[in-house]
Structures are given as C-alpha cells and as structure tokens.
Amino acid sequence: MALVVGACPLRAMAAGFDITVLGARGGLEDGNLSAYMVHPIGDLRAVLCDAGTVLHGLQVADQHGALDDIPMPANAVETRPGFVLHHAIQAYLVSHAHIDHVAGLVLVSPDDSPKPIYALPSVNRVLSRDLFNGAVWPNMGDRGAPPLLGLYQYQDLVPGHAVALAHTGLRVTAFSLSHGNVESTAFLLQSGSDAMLYIGDTGADAVEHGTRLHALWQAVAPLVRRHRLRGIIIECSYDDSRPDSQLWGHLSPHLLLNELAALQGIAGTPLRGLPVLVAHIKPSLRKGADPVALIPEALRRGNAMGVNFIVPEQGMRLQWHK
C-alpha cells in the first residue's frame with residue numbers, strides 16, 4: 001500500500017526538510033549506524049540516506065515520538081515502525097557499500113517493501129556482487145546471481161545529473177567523493193527551490209590528494225548565495241589527536257572546519273547560522289575523553305564562521321527551513 005499523502009491530515013505544505021536520525025554513529029556501535037530519514041516538510045514520502053540501521057532506528061524514533069506525524073490507518077496490521085518502513089520510506093540512497101552504511105538494509109530486507117536503491121554504479125555493483133549475491137545474503141535485487149528476488153531495483157546515478165526520486169517530492173544529484181580507496185557519494189536533495197546536502201564518508205581534499213570536495217562546493221555555492229541550502233549532514237569521524245595519515249578517508253575537526261571555510265570562500269557569503277549536522281562520530285574503546293565530547297568541543301573552539309553545529313542522537317528529529 002502506497003502512502004497517499006493527499007489523504008493525510010497534514011499541515012499546509014512548507015518549505016524545507018524534515019530529518020529523523022535512525023542511526024548516528026560511525027561504527028562499533030551496532031544498532032546505531034548511519035541512517036537519516038528525509039522528507040519535505042508536510043510531505044511524508046521519505047527517503048533513507050544510508051541504511052546502517054533501519055528497524056532499530058525506527059523503533060527508537062517511535063519511542064521518542066519522532067514518528068507521531070505518520071497517520072496510521074484504523075485497520076493497520078503493522079506497528080508504526082513497520083508501517084513507516086513499508087509505506088513512508090520510498091527509496092534508499094546509499095553513499096557507499098561499507099557495512100556500517102548498509103547493514104540495516106540487508107537485515108530488514110526479508111520484511112521490507114519493494115523499493116529502488118539509488119547509488120553510483122560502483123556502489124550498486126558492490127551491493128549486487130558482494131552482499132545481495134545469494135551467498136552472503138539472498139539476492140534481493142534485480143541484478144547479479146540468480147535467483148533474483150527483485151525486491152530492490154538498482155538505479156544508477158550519473159554524477160552531476162539531477163533525477164526525480166520515484167514516488168516522492170524530491171530530486172537528487174549525486175557527486176563522487178574520495179573515501180580512501182573507495183568511491184563514496186554526496187547527495188544534493190532538492191524540494192522545490194530548497195536544498196540540503198547529505199555527504200557520505202569522505203576524506204579532505206588535502207589528505208586525499210584530490211579535488212572532489214572542491215567540485216562539490218562549487219556546485220552548491222550558488223544555493224548558498226541564494227540562501228536556499230537549508231543544511232548539511234557531513235561526517236567527522238575522529239578527533240584531532242589522530243594523525244591525518246591515519247584517518248582512512250575520514251574527516252577530523254580541523255579538516256571539517258577547513259572544508260567549510262573553503263565552501264564559504266567559494267560561495268562568497270557567510271555560512272553563519274547554517275545547520276551542519278556532524279555525523280559518523282566513531283566511539284572509542286579507550287579510557288579518557290569520549291570523541292562524542294571531544295569533536296563538538298573542537299568544532300566549537302574553531303567555529304569562527306558561526307555555523308550551527310549539531311551532534312545527532314538516535315531518534316532525534318529536526319526541521320530545516322528558512
């Protein structure tokens with residue numbers, strides 16, 4: 001059953017985006033791995049940006065009241081998290097196929113509803129060849145080793161080319177990122193004239209010896225200048241005690257600050273007040289200060305730009321609008 005938004009008792013359509021954090025961390029903490037449910041404010045047809053945690057994230061979000069806006073039919077046979085999974089989430093956007101970004105998708109697949117998986121060709125290739133391959137997991141996709149169950153339909157994205165996301169009010173443009181020796185992805189989501197940016201795992205240009213983030217900043221700079229970019233979700237995996245040579249394609253606070261300063265410079269306008277959700281912080285098993293405390297403090301100290309840094313927690317719900 002599709003979610004018929006026109007029949008729902010929703011408030012009037014508004015500009016901006018509704019984001020629910022299904023998974024916030026960047027590894028180690030199983031059950032709380034990268035996954036962000038996004039939909040336009042007032043339109044409940046959603047997409048999931050990465051899917052490290054799905055069902056458990058929906059259950060936690062429900063416990064926090066973050067799913068209360070989802071109208072349940074009187075005759076619903078599912079729990080609210082089940083209904084959201086089956087009828088509200090219309091598609092997956094997968095930045096790369098590392099386990100902490102797809103584990104929830106794999107595990108929930110036996111009881112999921114049919115959906116497209118939007119990703120760069122290199123990412124869909126890994127999903128079909130190395131995960132949904134009949135050996136690691138039944139082939140839930142429409143490519144690869146038989147038997148093909150066809151629950152998921154792989155949709156290859158072309159970098160820099162905007163496409164409409166089926167059964168939603170969203171468009172997406174993918175941009176290639178460097179994540180060590182793996183191609184990752186940034187997704188520019190647009191609803192009307194509003195935009196938000198979800199950035200999968202990425203290293204800094206200076207460390208990765210590339211220009212992919214620079215190219216991304218050039219692409220989104222016009223939206224910044226027109227005050228149409230409503231927010232950014234970007235990783236910061238390690239604190240600044242970790243050497244740049246051991247970041248393995250990730251960011252630390254000083255590198256994140258440098259990249260945001262680069263965006264501000266290219267846009268030629270201040271980023272002051274822009275929401276920047278600091279995703280993918282990796283928990284530490286060592287005694288001492290927790291990276292979840294160290295990283296926000298380092299960003300606060302270096303925040304001469306005045307951006308609005310937000311540390312996500314599982315079950316959190318945010319609205320980004322003018």
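Let's start with a detail you can find by eye: helices H6 and H7 cross in a right-handed sense. Keep in mind throughout that this is a predicted model. H6 covers residues 212–225 and H7 covers residues 253–267, and the two pack with their axes 8 Å apart at an angle of about 55°. That angle makes H6 oblique to H7, because angles between 35 and 65 degrees fall outside the parallel and perpendicular classes.

Which residues make the contact between H6 and H7? On the H6 side, they are Leu213, His214, Trp217, Gln218, Val220, Ala221, Val224 and Arg225. H7 contributes Glu259, Ala262, Leu263, Ile266 and Ala267. Sorted by class, this contact contains 9 nonpolar residues, along with 2 polar and 2 charged ones.

Now turn to another helix pair, H1 (residues 55–63) and H2 (residues 80–88), whose axes come within 9 Å and cross at roughly 125°. H1 and H2 are therefore also described as oblique to each other, and their crossing is right-handed. Here Leu55, Leu58, Gln59 and Asp62 of H1 meet Arg80, Pro81, Val84 and Leu85 of H2. The class count for the contact of H1 with H2 is 5 nonpolar, 1 polar and 2 charged residues.

With these two pairs in view, we can step back to the whole chain. Its secondary structure comprises 8 helices and 14 strands. The radius of gyration is 19 Å, close to the 20 Å that the globule rule gives for 322 residues, so the chain is as compact as a globular protein of that length. Along the principal axes, the C-alpha atoms fill a box of roughly 55 × 45 × 40 Å. Of the 322 residues, 57% are buried. How do contacts span the sequence? Taking those between residues at least 6 apart, 65% join residues at least 24 apart.

Finally, let's zoom in on a single residue, proline 121, which sits in helix H4 (residues 121–131). Is proline 121 buried, exposed or partly exposed? Its relative accessibility is 33%, so proline 121 counts as partly exposed, since that class lies between the 20% and 50% cut-offs. Leaving aside residues up to four places away in sequence, proline 121 touches Asp156 and Leu157. For a sense of distance, you can also look from proline 121 to arginine 25: these residues are 96 apart along the chain, and their C-alpha atoms are separated by 26 Å.

Terms used
Residues numbered from 1 in each chain as written. Predicted model: local features only at pLDDT ≥ 70, side-chain atom pairs only at ≥ 80, totals over all residues. Heavy atoms only, no water. Axes fitted to C-alpha atoms, helices over the stretch in contact; angles between N-to-C directions. Helix = DSSP H or I, 4+ residues; strand = E, 2+ residues; numbered from the N terminus. Parallel < 35°, antiparallel > 145°, perpendicular 65-115°, else oblique. Left-handed = near helix turned anticlockwise from the far one by under 90°. Contact = heavy atoms within 4.5 Å. Nonpolar A, V, L, I, M, F, W, Y, C, P; charged D, E, K, R; others polar. Rg over C-alpha atoms; globule rule 2.2 N^0.38 Å. Buried < 20%, exposed > 50% of the residue type's maximum accessible area, 1.4 Å probe, protein only.
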